[in-house]
Each structure stands twice: as structure tokens, then as C-alpha cells.
Amino acid sequence: MTSAVPRDATAFEVREALRESGCAVCHLALRSVGRLLRSVAYEQVNDLGLRTVLRKRGGFCNVHAHDWLLAAHSVLGTALIYKDVLEAALRELDSPAAGGQRGRLLRGLLGAGSSDADLPCPACRSQAEAERRYVEALLALLASDAAVGREFEASDGLCRRHTLAALRARRDAAEPVVRRAREALGELLAELDEVIRKEDYRFRHEPRTAGERSAPARAINWAAGKAGLTSP
Ligand SMILES: [Zn+2]
Ligand SMILES: [Zn+2]
């Protein structure tokens, strides 16, 4: 936890993200993951530590493996990383007692360290670090800069997960985040009530507002975070 006020690129990024729709921390965390995947594709594909982690855990997690495929545009990188993964899998299948599922299971039951499958996905780890960094930066800015307070008030506020993360990180500084979440939820619930009412055949002829049309999707984004965010 830090109480230092970010005056650097992080602060700039937070203020910029408050102008985007939806949760600013989701936006920034997803952007960090995109940057990591691109840097793996262009610079770190031969980084031994990274390649070892990816080989041991069977590549990126499901969400980030498919993100990689869509975003990295690296035929060579994909071939190199996943050749490692597939060869390691083949070795395990060839010697199940030594390194395969049964061997791992047995080691796990005997408490001989965690299995390789417990290694975090590098992109998930980068996402978690970004979430922490940006929640703390936002809270520090809110505590010190009234202009950021006004920008935050005008934003959509944070999603469920990042509102709770703000509370866990600094309960003393999270009050504006909680207040904005209450307001946003009140508005969203009123819109959802209207959505539900207008699904009734008696009121179906009533026009839907733009807010009502987007309310179900915004409810999902609030409850689950933006699409592509993985669970901790
Ligand atoms: Zn969020
Ligand atoms: Zn992941």
C-alpha cells in the first residue's frame, strides 16, 4: 500500500481512463495485459524464465491464450511457445509415473510442493499487478486532488470487483468510490426496472431510452467486470 500521490504516467493514465465508459480500472488492467502480450510477442519471446513458466503451466490461461492469438499477431512467437508446451505435454504422456498427471497428483497428495499447474499465468499476474497499481493510484489521487474527484464523479465509477478492491486497499480513502457505486447502482436499477416493466405486453409499445437499451449489458459489466478480465 502506498499513500504517495502519483504525479507520473500512472496518474495521467488514470485520469484519461476516467473519460472512458465503464470501470477505469478494468480498462487500464486490460490495456496492461494487451501491452504485456505485445511485449512478449516482440521482445520477450526468447526470455528463458517466461518460457519456462509457460512450458510448465501449459501456456497462457484459456482467456489469455485466445487474447494472445487475437492480439499478438506473432506466428513465430506462437509456434515457439506452443511447440515447447506441446513437447512438454508429450514427455509427460510418455512417462506418466515420472512427470505426468499421476506423478503430480501423488506429489500433491504427499505435500511435496505445489504442482506446476498452480503457477500463475503471466498475463493474469500482470493483470493483477495492474489492478492493484491503478486502484491505489486512483485512491491516492482522489485523496489529494479535487479535480480528480470531479472527474471521478462524472465517470461511470468502478465495477463491483474494483469497488471492493478499493475498500480492501484503503477503506479510509474509498468513500468517493463507494458513493459513486451507490449512485450508479441506483440509476442502473431504476433503468432495469423500466426494462422489466416494458417487457410486459401491456407496456411493450412504450419506446426504450438509450439508457434502458444498454442497461442489461452495463449490469453485466458492473457485476463481472469488463470482458476479458480473468478471475483472481
Ligand atoms: Zn473494474
Ligand atoms: Zn491468464
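In this predicted model, the largest nonpolar core comprises 29 residues, and those with the most contacts inside it are Val14, Val135, Leu138, Leu139, Phe152, Leu158 and Val177. At least two residues of this core come from each of α1 (9-17), α2, α8, α9 and α10, and α8 gives the most, with eight residues. Leu158, one of the residues with the most contacts inside the core, touches Cys23, Ala24, Val25, Leu138, Phe152, Thr163, Val177 and Trp222 when residues up to four places away in sequence are left out of the count. A second core, separate from the one just described and made up of 17 residues, includes Leu36, Ala41, Val45 and Ala123.

The protein chain that holds these cores contains twelve helices and zero strands, so that its elements, read from the N terminus on, are α-α-α-α-α-α-α-α-α-α-α-α. Of the 232 residues in the chain, 39% are buried. Among contacts between residues at least 6 apart in sequence, 74% join residues that are at least 24 apart. The chain exposes about 13,500 Å², of which 58% is supplied by carbon and sulfur atoms.

Two zinc sites were examined in turn. The zinc ion (ligand 1) is coordinated by the SG atoms of Cys23, Cys26 and Cys159 together with the ND1 atom of His162, at 2.1 to 2.3 Å. The angles among these four donor atoms are 99 to 117°, and the site is tetrahedral. Along the chain, the donors of the zinc ion (ligand 1) follow the spacing C-x2-C-x132-C-x2-H. Because Cys26 lies in helix α2 (residues 24-44) whereas Cys159 is placed in the loop between α9 (146-154) and α10 (160-169), this pair ties together parts that are 133 residues apart in sequence. Cys26 has a relative accessible area of 0% and is therefore buried, and Cys159, with a relative accessible area of 2%, is buried as well.

The donor His162 is also among the buried residues of α10, which are Arg161, His162, Thr163, Ala165, Ala166 and Ala169. The cover over these buried residues of α10 includes α2, α8 (122-144) and α11 (175-198). Thr163, buried in α10, is in addition one of the residues that Leu158 touches, and the donor Cys23 is another.

The zinc ion (ligand 2) has as its protein donors Cys61 (SG), His64 (ND1), Cys121 (SG) and Cys124 (SG), which lie 2.0 to 2.4 Å from the ion. The arrangement around the zinc ion (ligand 2) is tetrahedral because its four donor atoms subtend angles of 103 to 113°. For this ion, the spacing of the donors along the chain is C-x2-H-x56-C-x2-C. As His64 lies in helix α4 (residues 62-71) and Cys124 in helix α8, the pair ties together parts that are 60 residues apart in sequence. Both His64 and Cys124 are buried; in the case of Cys124 the relative accessibility is 18%, and the residue counts as buried because the limit for that class is under 20%. Helix α8, in which Cys124 lies, is also the helix that gives the most to the largest nonpolar core. Although several cysteines serve as zinc donors, among them Cys23 and Cys26 as well as Cys61 and Cys121, a search of the whole structure finds zero disulfides.

Two exposed residues complete the description. Ile220 lies in helix α12 (residues 210-224) and is exposed, with a relative accessible area of 58%. The C-alpha atom of Ile220 is separated by 9.6 Å from that of Cys159, a residue 61 places away along the chain, and Cys159 is buried, in contrast to the exposed Ile220. His73 is located in the loop between α4 and α5 (75-94), where it has a positive phi of about 50° although it is not a glycine. At 64% relative accessibility, His73 counts as exposed, whereas His64, which lies in helix α4, is buried.

Notes. Residues are numbered from 1 along each chain as its sequence is written. Chains are lettered from A and ligands numbered from 1 in the order in which they are written. This is a predicted model: local features need pLDDT of at least 70, side-chain atom pairs count only at pLDDT 80 or more; totals for chains, interfaces and linings use all residues. Side-chain values use heavy atoms; hydrogens and water are left out. Donors are N, O and S atoms within 2.8 Å of the metal (3.2 Å for Na, K and Ca); water is not among the atoms, so sites may look incomplete. Four donors count as tetrahedral if all angles lie between 85 and 135 degrees; four count as square planar and six as octahedral if opposite donors are over 155 degrees apart and all others between 65 and 115; anything else is irregular. Helices (H or I, at least four residues) and strands (E, at least two) are DSSP runs, numbered from the N terminus. Buried means under 20% relative accessible area, exposed over 50%, partly exposed in between (1.4 Å probe, protein chains only). Contact means heavy atoms within 4.5 Å. Accessible areas come from the Shrake-Rupley method with a 1.4 Å probe; for residues, only the protein chains shown count as cover. A nonpolar core is a set of buried Ala, Val, Leu, Ile, Met, Phe, Trp, Tyr and Cys residues joined through side-chain atoms within 4.5 Å. A disulfide is a pair of cysteine sulfur atoms within 2.5 Å.
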